[in-house]
Every structure is written in C-alpha cells, then in structure tokens.
Amino acid sequence: MTLNYDNIFDAVSDSPEQGLLVKECSDLMIKIHRILDLRNAPIKTIVQALGVTHAQARNLAKGNTEKFTSYELQTFLQRLSPDIK
C-alpha cells in the first residue's frame, strides 16, 4: 500500500481544504516562532509583544495551532513584522 500526499496534513484532515488550512496555520506558527523565540521567551514578553492574553501566550509558546485561526496567526505575525503581508 502506497500513500501519496502533496500535503502531509491531508493524511490527518477530513478534506483537502482542511488540510491546506492546517498547513497554513502550521507554517504561520513556525514563522512566529522564528521571529520571537516563544519556547524560551517569558510569557510576559509574549503578552506584550503580541497583545494577547496569558492563556493565548501559553498556547503560542506550546505551538498549539488548533487554538488559533489562520487570521489570528497572520495578525500576530504582522504585529511582529509589519512588513510581512
């Protein structure tokens, strides 16, 4: 049995559209983590840099993409790097 996927998230998603959305959120989270070292940054720093609640900051630090919409992650990314569209 051979499985072929262009997007690995297709394998765990109910539809190709959902797979693309999950991939987009994952890619955005990776970009955010590269700009702001969320694993090592104090929660207070994340709260101040992104204007989020403490609970959101903890979810971002853990990389919980399922807690955020694509739009929210794009907004966070733009707050960190306004030149990114």
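## Packing around the helices: questions and answers

Q: Which residue takes a positive phi just after α3?
A: Happy to start here, with a reminder that this is a predicted model. Just after helix α3, the backbone takes a positive phi of about 80 degrees, and the residue that does so is G63.

Q: Which helices do the buried residues of α3 pack against?
A: Let's begin with the helix itself. Helix α3 covers residues 54-62, and its buried residues are A57, N59, L60 and A61. Their packing partners are α1 (16-35), α2 (43-50) and α4 (70-80).

Q: Is T65 buried or exposed?
A: T65 sits in the loop between α3 and α4. Leaving out residues up to four places away in sequence, T65 touches C25, S26 and M29. Its relative accessibility is 19%, and the cut-off for buried is under 20%, so T65 counts as buried.

Q: Is L21 buried, partly exposed or exposed?
A: L21 belongs to helix α1. Its relative accessibility is 44%, while buried means under 20% and exposed means over 50%, so L21 counts as partly exposed.

Q: How far apart are the C-alpha atoms of L21 and S70?
A: Here it helps to look at sequence and space together. Along the chain, L21 and S70 are 49 residues apart. In space, the separation of their C-alpha atoms is 7.3 Å.

Q: Which helix supplies the largest share of the largest nonpolar core?
A: The largest nonpolar core has 18 residues, and those with the most contacts inside it are I46, V52, L60, L73 and F76. At least two residues of this core come from each of α1, α2, α3 and α4. The largest share is four residues, and the helix that supplies it is α1.

Q: Which residues is V52 in contact with, leaving aside its neighbours within four places in sequence?
A: V52 is a good one to click on next. It is among the residues with the most contacts inside the largest nonpolar core. With neighbours within four places in sequence left aside, its contacts are I46, V47, A57, L60 and F76.

Q: Are the rings of F68 and F76 stacked or edge-to-face?
A: Two values describe a pair of aromatic rings: the distance of the centres and the angle of the planes. The count here comes to one aromatic pair. Its members, F68 and F76, are both buried. Their ring centres are 5.7 Å apart and their planes are at 85 degrees, where over 60 is the cut-off, so the pair is edge-to-face.

Conventions
Residues are numbered from 1 along each chain as its sequence is written. This is a predicted model: local features need pLDDT of at least 70, side-chain atom pairs count only at pLDDT 80 or more; totals for chains, interfaces and linings use all residues. Side-chain values use heavy atoms; hydrogens and water are left out. Buried means under 20% relative accessible area, exposed over 50%, partly exposed in between (1.4 Å probe, protein chains only). Contact means heavy atoms within 4.5 Å. Rings of Phe, Tyr and Trp (its six-membered ring) pair if their centres lie within 6.5 Å; planes under 30 degrees apart count as stacked, over 60 as edge-to-face and the rest as tilted. A nonpolar core is a set of buried Ala, Val, Leu, Ile, Met, Phe, Trp, Tyr and Cys residues joined through side-chain atoms within 4.5 Å.
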